[in-house]
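The following exercises concern the salt bridges, the burial and the strand contacts of one protein chain. Each task is followed by a solution in steps.

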Amino acid sequence: MPGFAAAVPVALALCAGLVTGPSPAPAAASPAADCRAGPAGCYDLYTYGYTLGLHPFTGPDAVRRQLTDHFWLFPVSGGCAGRIRAGARCELLGGNPVEVEYIGDDFFQINTLPGHQLGRGMHIRFAFSRTLGFHTMTVRAWQDRPTECTGEAFCNGVNRAFAWVTWRVLAKTLYVTAYAA
């Protein structure tokens, strides 16, 4: 079954009760959409928001720099360098190749490449914001079109659950390290 190996760790998390409730069905992708630029018209996978705590003297750009300049903080950084740059290619944990698509003031975005367990063309944007000193991280993922895994309900659900847990670990890490930003 394609994508099954990628789903196993998350299936265990689901069975352990770490993730509950059904997820809404993803929107269909428009064949003419330029999915590198953003999710409009593309195959929407998930959007998650996480609190990074109160950091009244740190801006969203400093939190983004903290992560992109010290990429070993990323929970699945694998063989990626300590500092990532737009256009860089590396393998995340488990031999999953990605390209750093964009790095903006308060966000960065990666794209999965051929050979990634979820298939190529999955874009994941990590955006940072601050309101009244409280920082948040919003993670949004979308694809050019569904893959064998993300187009199948069980595998897609398992991978979304795995992403929720993984990005939550990242948020907890940034909750602490943002003080050093």
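**Exercise 1. Salt bridges across the chain**

Task: State how many salt bridges the structure holds, and determine which parts of the chain the pair E99 and R36 links.

Solution.
- Step 1. The model is a predicted one, and it holds five salt bridges.
- Step 2. In one of them, E99 pairs with R36, with 3.5 Å between the closest N and O atoms. E99 belongs to strand β3, whereas R36 sits in the loop between α1 (4-15) and β1; the two are 63 residues apart, and the pair thus joins distant parts of the chain.
- Step 3. The limit for a buried residue is a relative accessible area under 20%. E99, at 11%, is therefore buried, while R36, at 32%, is partly exposed.
- Step 4. R36 and E99 also belong to a network of salt bridges that includes E101.

**Exercise 2. Two further pairs**

Task: For the salt bridges R140 with D44 and D69 with R83, locate the partners and classify their exposure.

Solution.
- Step 1. R140 and D44 meet through their side chains at 3.5 Å, N to O. This pair links distant parts of the chain, with R140 in strand β6 and D44 in strand β1, 96 residues apart.
- Step 2. Partly exposed residues lie between the limits of 20% and 50%. R140, with a relative accessible area of 31%, falls in this class, and so does D44, with 22%.
- Step 3. The side chains of D69 and R83 form a salt bridge at 3.7 Å, N to O. Because D69 lies in helix α2 and R83 in the loop between α2 and β2 (89-92), the pair ties together parts 14 residues apart in sequence.
- Step 4. D69 has a relative accessible area of 22% and is partly exposed; R83 is also partly exposed, at 46%.

**Exercise 3. The surroundings of T136**

Task: Identify the element that holds T136 and the residues that T136 touches.

Solution.
- Step 1. T136 lies in strand β6 and is partly exposed, as its relative accessible area is 30%.
- Step 2. Leaving aside residues up to four places away in sequence, T136 touches Y50, T51, L52, A127, F128 and S129.
- Step 3. With L52, the C-alpha to C-alpha distance is 5.3 Å, although 84 residues separate the two in sequence.
- Step 4. With S129, there is a polar contact between the side chains, at 2.6 Å.

**Exercise 4. The cover of helix α2**

Task: Is helix α2 mostly covered or mostly uncovered, and against which elements do its buried residues pack?

Solution.
- Step 1. Helix α2 spans residues 60-69, and seven of its 10 residues are buried, so the helix is mostly covered.
- Step 2. The buried residues are P60, A62, V63, R64, Q66, L67 and T68.
- Step 3. They pack against the strands β1 (43-54), β3 (96-103), β4 (107-112), β5 (122-131) and β6 (134-143), and against helix α3 (153-177).

**Exercise 5. The chain as a whole**

Task: Describe the order of the elements, the burial of the chain and the confidence of the model.

Solution.
- Step 1. The chain has three helices and six strands, in the order α-β-α-β-β-β-β-β-α from the N terminus.
- Step 2. Of its 181 residues, 45% are buried. The exposed area is about 9000 Å², of which carbon and sulfur atoms supply 60%.
- Step 3. The mean pLDDT is 82, and 81% of the residues reach 70 or more. Over residues 1-27, pLDDT stays under 50.

Note on methods:
Residues numbered from 1 in each chain as written. Predicted model: local features only at pLDDT ≥ 70, side-chain atom pairs only at ≥ 80, totals over all residues. Heavy atoms only, no water. pLDDT = per-residue confidence, 0-100. Contact = heavy atoms within 4.5 Å. Buried < 20%, exposed > 50% of the residue type's maximum accessible area, 1.4 Å probe, protein only. Helix = DSSP H or I, 4+ residues; strand = E, 2+ residues; numbered from the N terminus. Polar contact = N/O pair within 3.5 Å; in protein donor to acceptor, adjacent residues only side chain to side chain. Areas by Shrake-Rupley, 256 points an atom, 1.4 Å probe, with all protein chains shown as cover. Salt bridge = Lys/Arg side-chain N within 4 Å of Asp/Glu carboxyl O.
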